[in-house]
Amino acid sequence: MKSRKQRYLIALGSNMRVPGIGGPRRVLAKVASELERSGLVVESFSPVMRSRPIGPSQREYANGAAIVISDKAPREMLALLKGIEGNFGRRTSGSPWRRRQLDLDIILWSGGRWSTPDLAIPHPLFRERSFVLQPAAAIAPGWRDPLTGLTLRQLAARGS
């Protein structure tokens, strides 16, 4: 039986330099090739935007979004993304608001909803975060949130 291709909307963020790559904008520029090297098809990649940090971190973020295609189920996709974060030097222990080399979050999935103790799709906080909505709406304006029925364009306009 052949696996079905899935589309994922991934939020990207960085607010640290990575040795051998450079600052946050360069980190995000490198992510597209890293996603493809990991076997994903990058369908779209948003422009990079700057945003203020949430929490105590003082470092400004570079944020973006990507649509990737894969036959991976959500938990497999999460594991792959965590591996990529680790390749960029991200540690998973410590404060959730600290600076980070790379943060990759699954925001939406063509399969609709997914919920396990370690992963919820849609991402529970994405509707409140313009640094996710703006880049996402730039590459997938008509993608609908399965919980509200609103498009990313509509959600982004509400947050503006």
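This passage describes the overall make-up of a predicted protein model, followed by its last helix, its aromatic residues and one cis peptide bond.

In the predicted model, the protein is built from four helices and seven strands, and these elements succeed one another along the sequence in the pattern β-α-β-β-β-α-β-β-β-α-α. Of the 160 residues in the protein, 47% are buried, and the accessible surface amounts to about 8600 Å², with 50% of that area belonging to carbon and sulfur atoms. When the contacts with a separation of 6 or more are considered, 63% of them are accounted for by residues 24 or more positions apart.

Helix H4, which spans residues 152–159, has Leu152, Leu155 and Ala156 as its buried residues. Because these buried residues fall within an arc of 100° when H4 is seen down its axis, they line one face of the helix. This arrangement can be set beside the general geometry of such elements: an α-helix has 3.6 residues a turn, so residues three or four places apart point the same way. The exposed residues Arg153, Ala157 and Arg158 are carried on the face of H4 that is turned away from the buried side. The cover over the buried residues of H4 includes strand E1 (6–14), strand E5 (103–109) and helix H3 (130–139).

Strands E1 and E5 also take part in the aromatic contacts, for which a search of the whole structure finds two pairs. Tyr8 and Trp109 form a stacked pair, with 6.4 Å from centre to centre and 20° between the planes. Since Tyr8 lies in strand E1 and Trp109 in strand E5, this pair ties together parts that are 101 residues apart in sequence. Tyr8 counts as buried, at 0% relative accessibility, and Trp109 likewise counts as buried, at 12%. Trp109 forms an edge-to-face pair with Trp114, in which the centres are 5.7 Å apart and the planes are at 90°. Trp114, at 25% relative accessibility, counts as partly exposed, because buried residues are those under 20%. Through these ring pairs, Tyr8, Trp109 and Trp114 are linked into a cluster.

A further contact with an aromatic ring involves Arg7, whose charged end sits over the ring of Trp143 at 5.0 Å from the ring centre.

Finally, the backbone contains a cis peptide bond between Ile121 and Pro122, with omega at about 0°. Pro122 is placed in the loop between strand E7 (119–121) and H3, and helix H3 is among the elements that cover the buried residues of H4.

Technical notes:
Residues are numbered from 1 along each chain as its sequence is written. This is a predicted model: local features need pLDDT of at least 70, side-chain atom pairs count only at pLDDT 80 or more; totals for chains, interfaces and linings use all residues. Side-chain values use heavy atoms; hydrogens and water are left out. Buried means under 20% relative accessible area, exposed over 50%, partly exposed in between (1.4 Å probe, protein chains only). Helices (H or I, at least four residues) and strands (E, at least two) are DSSP runs, numbered from the N terminus. The arc is that of the directions from the helix axis to the C-beta atoms. Contact means heavy atoms within 4.5 Å. Accessible areas come from the Shrake-Rupley method with a 1.4 Å probe; for residues, only the protein chains shown count as cover. Rings of Phe, Tyr and Trp (its six-membered ring) pair if their centres lie within 6.5 Å; planes under 30 degrees apart count as stacked, over 60 as edge-to-face and the rest as tilted. A charge sits over a ring if NZ of Lys or CZ of Arg is within 6 Å of the ring centre and within 35 degrees of the ring normal.
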